[in-house]
Each structure stands twice: as structure tokens, then as C-alpha cells.
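Trainee: I am new to this one. Please take me through a single part of it closely, then show me what surrounds that part.

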Amino acid sequence: TNTETTTTDSVGTSVRIDVTPPEISTRTITRSNELGQSDPEETSKLLVKDGDTITYEFTTDEELYSATVKINGEEITATGSGTSWSATTSNSFSSDVENVSFEVTEFKDLSGNTNTDTTTTDSVGTSVRIDVTPPEISTRTITRSNELGQSDPEETSKLLVKDGDTITYEFTLSLIHISEPTRRRGISYAV
């Protein structure tokens with residue numbers, strides 16, 4: 001009997017057995033918010049509002065055939081090739097979300113092995129908060145530099161000023177998501 005062992009056919013094709021599912025190597029989160037602010041109390045948390053987009057980019061340890069991602073519950077077919085993929089939201093945001101979730105619901109390698117991945121942060125710990133609540137002024141104060149400090153005798157809630165005095169309007173915003181310099185603003189006018 002004559003037996004022959006080979007690893008290729010007559011035209012050089014061979015087979016590699018791959019039973020290992022792909023893994024995500026790196027994750028990056030970006031957003032389109034024009035102010036580019038982070039939460040002042042958690043500086044690694046990016047702020048977004050309704051109308052912004054959130055992009056989740058990831059690389060894998062091997063080439064992928066396809067990937068599907070959910071960002072804040074919105075299912076998105078990821079775009080990319082090889083080991084670099086991304087998904088961007090297109091929906092509008094209607095409520096505040098403290099920690100946006102990022103889920104790769106399925107990513108498939110070229111052999112057909114699949115895996116899933118769920119996270120709320122990228123590779124460097126960045127996360128996202130959706131804030132759709134507009135800021136509100138919680139306190140207001142009007143002061144003036146008039147040395148007499150008198151009010152209008154007919155309407156005591158009206159302060160009297162003269163030419164050369166300065167009027168200052170200070171207000172405090174109620175939201176903690178606003179950066180510290182914006183929480184209290186003073187506006188002064190010279191009369």
C-alpha cells in the first residue's frame with residue numbers, strides 16, 4: 001500500500017483550522033459636541049446633547065468579516081475592514097443617560113467565529129453622558145456701585161443708579177453638568 005500525506009491540493013490550497021473567536025484589542029469613543037466639554041466632576045466622561053453623534057471605534061486581534069454595534073440601544077452595522085471598525089449613532093437623544101453603553105452584539109472573523117463585547121468605557125477609561133436637560137437659572141442677583149444704595153421710593157424693588165455707576169447681574173445655573181466657570185456668571189454694565 002502506498003499512502004501519502006499532504007497539506008495542500010494540486011494547486012497549492014491548504015486549510016487552517018480556526019476555532020478561536022476574535023477579541024477586541026482597543027476601543028475609542030468620540031463625539032461631535034462642538035463645545036468639547038467633559039463632566040467637571042468626572043473629567044473622563046464626555047458630554048453630549050440631543051443632535052450630537054457618538055462614535056465607537058475598535059480594533060480587533062484578527063481581521064473581521066462583519067460587526068454589529070449597539071450604542072445606547074441603537075443597533076448600527078459597523079463599517080470598516082481588516083482589524084479597524086467603527087459605528088456612529090444617527091438617532092436623536094430624548095432623555096438623560098448617566099453612562100452610555102457600547103455593545104458589539106456580534107463580531108465575526110473570516111472563519112465565522114463570533115464573539116460579543118459590552119462596555120461603558122474605551123481603552124483609556126473615557127465614557128459618555130447624554131445630557132438633554134437645558135440649564136436653568138436658579139438664583140439671580142442685581143447689584144450696583146452707587147454709594148448711596150437707595151431704591152426708587154415708589155417701587156422699592158428698583159435700584160437707583162446714576163451716570164458712572166456699574167450695574168452687575170449675577171446668576172447661578174442649576175445643572176451640575178456645566179463647567180465651573182459657567183455655573184456663576186456676572187455681567188456688568190457701566191451707566
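Is Glu147 buried or exposed?

Mentor: Glu147 is exposed, because its relative accessibility is 60% and the cut-off for exposed is over 50%. Keep in mind that this is a predicted model.

Start with the partner. Glu147 makes a salt bridge with Lys162. The closest N and O atoms lie 3.9 Å apart. A salt bridge has to fall within 4 Å, so this pair qualifies. Both residues sit in the loop between β11 (137-144) and β12 (166-173). They are 15 residues apart, and the pair links distant parts of the chain. Lys162 is partly exposed, at 39% relative accessible area. That value lies between the cut-offs of 20% and 50%, so the label follows.

Now set this bridge among the others. The whole structure holds eleven salt bridges. One of them joins Arg129 and Asp39, at 2.1 Å from N to O. Arg129 belongs to strand β10 (residues 127-130). Asp39 lies in the loop between β1 and β2 (45-48). These two are 90 residues apart, so to speak a link between distant parts of the chain. Arg129 and Asp39 are both buried. The network does not stop with them: salt bridges link Asp39, Glu42, Lys45, Glu98 and Arg129.

Another bridge pairs Asp52 with Lys49. Here the closest N and O atoms are 3.2 Å apart. Asp52 has 4% relative accessibility, under the 20% cut-off, so Asp52 counts as buried. Lys49 is partly exposed, with a relative accessible area of 31%.

Turn from charges to rings. There are three aromatic pairs. Tyr56 and Phe102 make a stacked one. Their ring centres are 5.1 Å apart, and the planes meet at 25°. Stacked needs planes under 30 degrees apart, so 25° fits. Tyr56 lies in strand β3 (residues 54-60), and Phe102 in strand β8 (residues 102-109). The two are 46 residues apart, and this pair also links distant parts of the chain. Tyr56 and Phe102 are both buried.

A tilted pair is formed by Tyr169 and Phe171. Their centres are 5.8 Å apart, with the planes at 35°. That angle is neither under 30 nor over 60 degrees, so the pair is tilted. Tyr169 is partly exposed, at 26% relative accessible area. Phe171 is buried, at 13% relative accessibility. There is also a cluster: Tyr56, Phe58 and Phe102 form one aromatic group.

Next, a nonpolar spot on the surface. Val15, Ile17 and Val19 make a nonpolar surface patch of about 390 Å². Ile17 is in the segment before β1 (24-31). Ile17 is exposed, because its relative accessible area is 74%, over the 50% cut-off.

Finally, confidence. The chain averages a pLDDT of 86. Of the residues, 91% score at least 70. Residues 177-191 have a pLDDT below 50. That stretch still has 46 contacts in the model beyond near neighbours in sequence.

Back to where you began. Glu147 is exposed, and its salt-bridge partner Lys162 is partly exposed. The bridge between Arg129 and Asp39 has buried residues at both ends.

Terms used. Residues are numbered from 1 along each chain as its sequence is written. This is a predicted model: local features need pLDDT of at least 70, side-chain atom pairs count only at pLDDT 80 or more; totals for chains, interfaces and linings use all residues. Side-chain values use heavy atoms; hydrogens and water are left out. pLDDT is the predictor's confidence in each residue, from 0 to 100. Contact means heavy atoms within 4.5 Å. Rings of Phe, Tyr and Trp (its six-membered ring) pair if their centres lie within 6.5 Å; planes under 30 degrees apart count as stacked, over 60 as edge-to-face and the rest as tilted. Helices (H or I, at least four residues) and strands (E, at least two) are DSSP runs, numbered from the N terminus. Buried means under 20% relative accessible area, exposed over 50%, partly exposed in between (1.4 Å probe, protein chains only). Patches are made of residues with over 30% relative accessible area and no salt bridge: like charges are joined within 9 Å, nonpolar side chains (Val, Leu, Ile, Met, Phe, Trp, Tyr) within 5 Å. Accessible areas come from the Shrake-Rupley method with a 1.4 Å probe; for residues, only the protein chains shown count as cover. A salt bridge is a side-chain nitrogen of Lys or Arg within 4 Å of a carboxyl oxygen of Asp or Glu.
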